[in-house]
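Got your viewer open? Let's take a walk through this one together, one selection at a time.

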Amino acid sequence: MIAAGLQALATTLDRAAMDRTEIDQLTPQHGFTLAQAYQIQHASIAHRHQRGEQPIGIKLGFTSRAKMVQMGVDSLIWGLLTDAMLREDGGMVDLADFIHPRVEPEVCFLTRRVIDRPLTLLEAANYLEAVAPAMEIIDSRYRNFKFTLEDVVADNCSSAALVVGTFSDNLRGLLNCGVAMRFNGHAVQLGSTGAILGNPLRSIVQASQLLTQNEMVLPAGSLIMAGAATAAEALTPGLHVSTDISGLGRVEFFTA
Ligand code: OOG
């Protein structure tokens, strides 16, 4: 597919996100490669930057078996985060901002040093300032939340919003922390941080490799969302949504 075609698909996805309207999957009609899907993703996020949104970091997806099984996809993916996606810890999230939002429990890292080369697992913690419990709100722009790997990558990996809790420096205690996501106090997903690549610090290693392959540099002070520890849950209005991660604390929001 030629560059103009990729640009047109990027505009279609950006509009679907801005207008909160679902669209048909793109690959059946337009058939693009994974490398082209990332070009579409970057062109689509460039529209956001042109509107004044600031880059704040990156997210990884499908870093846990639970998520791969839920969505029928088996490769790690990554997307770009902007400041307009941030929601307040403890605040109200208006579901009118989304098409068919789902929430998933994650850990979020804050980087301390620029990441400009592939890191080893031993090095990863030295590049980090802090870690926080977090939740990601995903909102596929595709009808019925159904997609191929190429489709979801082009759609910035379903990124829609994120809520980040309080940062701490507990960076080396993340191997097997209990994760409990609750709706109105009832557990809806239970898991462990170990579900994220066996050790969430591996998401830093993966992120550093992906960035280097794409000749991108992640500035110090960036966020890295490590990917969901459990399957995602559909959001409805009137919920108090909380995630507790042992050793990291709680992150929460309300839906309207
Ligand atoms: C794609 C995004 C997956 C994760 O944490 O695994 C993801 C999706 O499920 O729509 O963000």
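How many aromatic pairs does the count come to? Two. Keep in mind as you click around that this is a predicted model.

**Stop 1: a pair of rings.** Select F145 and F147, which form an aromatic pair. A pair like this is described by the distance of the centres and the angle of the planes. Here the centres are 6.5 Å apart, the planes make an angle of 55 degrees, and the pair is tilted. Now turn on a surface for the protein. Are these two rings' residues buried or exposed? F145 has a relative accessible area of 5%, and F147 has one of 11%. Buried means under 20%, so F145 counts as buried, and so does F147.

**Stop 2: charges over rings.** Stay with F145 and add R102 to your selection. The charged end of R102 sits over the F145 ring, 3.9 Å from the ring's centre. Next, select R113 and Y127. Again you'll find a charged end over a ring: that of R113 sits over Y127, 4.2 Å from the ring centre.

**Stop 3: a threonine in a strand.** Click on T111, which is part of strand 5. What does its side chain reach? Show P219 too: the T111 side chain reaches the backbone oxygen of P219 at 3.2 Å. T111 has a relative accessibility of 3%, so this residue counts as buried.

**Stop 4: the ligand.** Now select the ligand and show the residues around it. There are 17 of them, and K59, F62, K67, S158 and A228 come nearest. Zoom in on the side chains of K67 and S158. A polar side-chain atom of K67 is 2.7 Å from a ligand oxygen atom, and S158 also has a polar side-chain atom 2.7 Å from an oxygen atom of the ligand. Add E106, where an N or O atom of the side chain lies 3.3 Å from a ligand oxygen. How much of the ligand's accessible area does the protein cover? On its own the ligand has 320 Å², and the protein covers 100% of that.

**Stop 5: who builds the shell?** Color by secondary structure and look at the shell around the ligand again. Strand 1 (55-61), helix 4 (65-71), strand 5 (102-111) and strand 6 (128-138) each bring at least two residues to the shell. Which of the elements gives the largest share? That's strand 1, with three residues. Last, try coloring the shell by residue type: you'll get nine nonpolar residues, three polar and five charged.

Methods: Residues are numbered from 1 along each chain as its sequence is written. This is a predicted model: local features need pLDDT of at least 70, side-chain atom pairs count only at pLDDT 80 or more; totals for chains, interfaces and linings use all residues. Side-chain values use heavy atoms; hydrogens and water are left out. A residue is near a molecule or strand if one of its heavy atoms lies within 4 Å of it. A polar contact is a pair of N or O atoms within 3.5 Å; within protein, one must be able to donate a hydrogen and the other to accept it, and residues adjacent in sequence count only if both atoms are side-chain atoms. Accessible areas come from the Shrake-Rupley method with a 1.4 Å probe; for residues, only the protein chains shown count as cover. Helices (H or I, at least four residues) and strands (E, at least two) are DSSP runs, numbered from the N terminus. Ala, Val, Leu, Ile, Met, Phe, Trp, Tyr, Cys and Pro count as nonpolar, Asp, Glu, Lys and Arg as charged, and the others, Gly among them, as polar. Rings of Phe, Tyr and Trp (its six-membered ring) pair if their centres lie within 6.5 Å; planes under 30 degrees apart count as stacked, over 60 as edge-to-face and the rest as tilted. Buried means under 20% relative accessible area, exposed over 50%, partly exposed in between (1.4 Å probe, protein chains only). A charge sits over a ring if NZ of Lys or CZ of Arg is within 6 Å of the ring centre and within 35 degrees of the ring normal.
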